[in-house]
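Colleague: I'm still learning to read models like this one. Could you pick one part, take a close look at it with me, and then show me how it fits with its surroundings?

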Amino acid sequence: MKLLIKSGWVVDPANNIDGILDVLIENGKIACLQKDITVKADKIIDASAKIVIPGIVDMHVHLREPGREDKETVASGTQAALKGGVTSLLAMPNTTPAIDSPANVDLLKNIIKKSARCNVFISAAITKSRLGKEITDIAGLKKSEVIAITDDGSSVDDGKIFLKALQKCAKEKMLVIAHCEDKALSKNGVVNLGFISTKLGLRGISRESEYLRIERDIELAQRVKTGLHIAHVSCRESVEIIAKAKKKAVALTCETAPHYFSLSEDDVAGYDTNMKINPPLRAKEDVLAIREGLRSGVIDAIASDHAPHTENEKDIEFDRAEFGKIGLESGLAVCVMELIDKQILSWPELVRKISLNPAKILGINKGRLSVGLEADITILDPNKEFILKKETIVSKSKNSPFIGRKVKGAVEYTILGGKIVYEEAC
Amino acid sequence: MNKETTWVRKDLLGLEDLSREEIKLILSTAESFKEVSTREIKKVPALRGKTVVNLFYEPSTRTRVSFEVAAKRLSADVINIATETSSVKKGETLVDTGRNIQALKADIIVMRHNYSGAAVMLARHLDISVVNAGDGWHEHPTQALLDMFTLKEKLGNIEGLNVSIVGDIAHSRVARSNIWGLTKMGAKVTVCAPQMLIPPGIEKMAVRVTNDIEAALKNADAVNVLRMQFERDDEHAFPQQLEYLKNFGITEDRLLKAKKNMLVMHPGPLNRGIEISSEVADGTNSVILEQVTNGIAVRMAVLFLVAQGRDKKNETSN
């Protein structure tokens with residue numbers, strides 16, 4: 001089985017490729033990248049005027065299964081991923097039950113085996129039931145092929161317990177992903193603390209609740225000399241703290257999400273609950289700081305923080321609505337509009353943030369188009385504009401803040417292990 | 001009545017969205033309705049055949065009764081729903097409750113809700129009118145409108161007035177609506193509170209901020225004294241009650257240093273001896289009971305206009 005991608009603009013920073021090339025895929029693997037390949041292929045994709053990139057690696061996705069199959073399933077979430085050009089993702093462990101033991105990892109693995117449509121990597125909880133009290137069996141989780149641990153949705157408030165977890169992770173060479181939030185400071189908050197919370201009469205979530213916890217987590221990780229990845233960075237101070245720490249820290253990385261460089265607290269006006277996100281949409285100056293952090297390289301990765309919720313949980317009073325938004329299907333388009341078109345990142349730089357760096361951080365052999373590797377490839381039309389419609393969302397939940405907005409940059413093909421698994425209907 | 005401006009909104013959700021002309025229209029409409037309450041038969045047929053539903057998720061006597069009286073003086077039929085007796089207790093969502101009321105062919109929902117933004121959300125889902133009777137800390141537009149009506153009636157013109165709002169600004173929907181309304185009408189607004197009750201960024205609403213009560217009262221043409229809701233201080237943000245009276249309470253001593261005819265307003269209910277002394281509340285500067293009377297006229301105007309606005313909307317969509 002041979003698949004030939006003709007005349008696309010190939011962007012693969014791992015191999016310093018940024019130009020028009022043909023890509024030949026044979027038996028599911030990348031066989032050859034060259035100009036004007038002339039072999040008889042079983043299928044040829046004409047990619048002229050299209051961009052060909054290594055499949056996106058989304059390192060922050062809530063698939064909700066097991067437990068909340070009404071919001072999303074492994075099947076529906078991974079189908080949404082393919083539509084968004086995502087070929088590998090890291091599933092967050094805050095399910096019901098939480099992925100906090102090798103037995104629960106097996107449960108999830110079985111679901112993935114039966115229904116996943118893209119590569120799903122597994123993260124597990126730092127503490128049992130994510131309660132911040134008792135550390136999980138990290139050595140056992142490592143053996144079960146868990147590639148990162150996180151209590152995402154909560155921070156481990158007890159510094160001593162977090163330190164102990166870091167020590168165990170250092171020993172097991174397990175990546176720790178930190179959700180940084182001091183809930184004593186953010187308690188009952190629903191929007192960014194500032195003019196927006198004042199204007200709307202809502203309780204605010206301060207920037208301190210995020211960056212003070214980032215400071216603590218970095219300090220503790222440095223003390224035990226272990227790797228730390230900071231999830232969903234949203235404000236200026238956080239970027240500054242991470243920039244400073246990176247100069248001396250071992251293996252410190254971080255991610256942001258598309259909504260933090262495209263939307264601001266102003267978008268919450270009108271009480272749109274799809275704009276209710278944690279950490280909250282921040283001020284305009286934070287949006288600029290996140291963009292600058294991406295440009296300068298302080299922010300390593302972009303991940304969707306895809307957080308599906310049902311209409312029953314969203315179409316209610318703002319205070320009562322769940323936090324979070326879906327993002328698998330819109331992420332790439334938002335990156336094209338906000339980062340490429342605004343000349344904050346070049347294509348090779350963007351591909352680093354969405355494919356190569358997340359793969360490196362997670363230690364998985366993805367995010368590059370090297371000969372011999374599984375052919376996970378995304379082909380997109382960077383100039384195609386479309387309006388994001390609720391009816392066309394594949395994810396089970398429809399809580400996208402971009403519904404009704406015009407976006408630019410459409411995924412045309414997603415190729416997984418050499419097979420075309422998504423093809424845009426023309 | 002103002003001939004140039006016509007009312008096209010089906011809802012009244014807050015004063016932030018309104019133009020100066022729309023506020024003027026409400027106030028002038030209220031002026032013409034005020035006389036109705038002085039008649040022997042206090043009724044006009046303006047809303048005859050219309051149904052107004054008071055949907056109150058928070059205990060309220062004065063606002064609910066004021067709306068009820070206003071609706072009845074316009075000959076509307078009024079139904080009161082309090083959450084204790086409704087299916088809200090059974091877990092019905094706000095939108096479902098609203099849709100049910102709409103299905104009963106009611107015309108206007110007057111809603112009081114403890115969550116900010118609840119009225120905005122409800123209005124988005126319904127074709128019938130929604131009037132916000134106070135949502136969380138967000139807005140209480142009819143209270144601010146009756147405050148402005150009282151100012152205009154007593155002092156002639158709102159433009160150029162110095163108005164000080166004293167009290168728990170952070171948690172007050174009355175403060176927010178007054179700030180939006182007064183600044184649009186050209187008044188100069190000062191907010192005064194202990195620093196912990198000044199919400200962040202409030203100065204962006206074009207107000208002067210002070211923690212000094214003497215400074216707030218100096219040159220003020222009117223002071224709007226907010227109720228200190230000590231019973232709701234779940235965040236422990238409040239000073240001690242006696243400390244508050246000492247530092248921020250409106251007392252006769254403080255009145256002596258202010259402009260002689262400074263109006264004293266209060267949205268009620270009063271905490272005598274906490275934010276305001278009894279001598280001041282019952283004194284000659286106080287217009288607190290006139291505010292209550294004016295509330296009827298203002299709410300009649302609002303109910304009348306939103307009903308009209310909805311009819312206009314239906315005409316254009318047909």
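**A close look at the sheet of chain A**

Modeller: Let's start where the two chains meet: 14 residues of chain A and 19 residues of chain B take part in that contact. On chain A's side of it, seven are nonpolar, four polar and three charged. Do keep in mind that this is a predicted model.

Now let's stay with chain A and work inward. Its secondary structure consists of 13 helices and 18 strands. The radius of gyration is 21 Å, close to the 22 Å that the globule rule gives for 426 residues, so chain A is as compact as a globular protein of that length. Its C-alpha trace spans about 65 × 50 × 45 Å along the principal axes. Of the 426 residues, 58% are buried. Among contacts in chain A with a separation of 6 or more, 75% join residues 24 or more positions apart.

The domain assignment splits chain A in two: domain 1 takes 2–51 + 374–423, and domain 2 takes 54–362. Their C-alpha centres lie 26 Å apart. Where the domains touch, 31 residues of domain 1 meet 45 residues of domain 2. Strands E1, E16, E17 and E18 of chain A each give two or more residues to the domain 1 side, and E17(A) has the largest share, with seven. That side divides into 18 nonpolar, seven polar and six charged residues.

Here is the part I'd like you to look at closely: an open sheet of eight strands in chain A. Follow the order E6-E7-E8-E9-E10-E13-E14-E15, with parallel pairing. Which strands stand at the edges? They are E6 (56–61) and E15 (301–302) of chain A; each has a single partner strand, so one side of each is left without a neighbour in the sheet. For one pairing inside the sheet, find E9 (residues 148–149) and E10 (residues 175–178) of chain A, which run parallel and are joined by two bridges. There, A:Ala148 stands opposite A:Leu175.

Next, find helix H13 (residues 347–362) of chain A, which packs on this sheet. Helix H13 of chain A touches E6, E7, E8, E9, E10, E13, E14 and E15 of chain A, and its direction makes about 65° with that of E6(A).

Another helix worth a look is H12 (residues 331–340) of chain A. Is H12(A) largely enclosed or largely open? Eight of its ten residues are buried, so H12(A) is largely enclosed by the rest of the structure. The buried residues include A:Leu332, A:Val334 and A:Leu339, and A:Glu338 is also one of them.

To finish, let's use chain B to see both faces of a strand. In a regular strand, side chains alternate between the two faces of the sheet. In E8 (residues 222–225) of chain B, B:Ala222 and B:Asn224 are on one side, B:Val223 and B:Val225 on the other, and all are buried, leaving both faces covered. E8(B) also has partners running parallel to it: four bridges join it to E5 (residues 162–166) of chain B, and three join it to E9 (residues 263–265) of chain B. You can locate these pairings by eye: B:Val163 has B:Ala222 as its bridge partner, while B:Asn224 has B:Met265.

Conventions: Residues are numbered from 1 along each chain as its sequence is written. Chains are lettered from A and ligands numbered from 1 in the order in which they are written. This is a predicted model: local features need pLDDT of at least 70, side-chain atom pairs count only at pLDDT 80 or more; totals for chains, interfaces and linings use all residues. Domain bounds come from an automatic or database domain assignment. Two residues are in contact if their C-beta atoms, placed from the backbone, lie within 7 Å. Ala, Val, Leu, Ile, Met, Phe, Trp, Tyr, Cys and Pro count as nonpolar, Asp, Glu, Lys and Arg as charged, and the others, Gly among them, as polar. The radius of gyration is taken over C-alpha atoms; the globule rule is 2.2 Å times the number of residues to the power 0.38. A residue is buried if 20 or more other C-beta atoms lie within 10 Å of its own, exposed if 12 or fewer, and partly exposed in between; C-beta atoms are placed from the backbone. Two strands pair if DSSP finds at least two bridges between them. Axes are lines fitted to C-alpha atoms, for helices over the stretch in contact, and angles run from 0 to 180 degrees between N-to-C directions.
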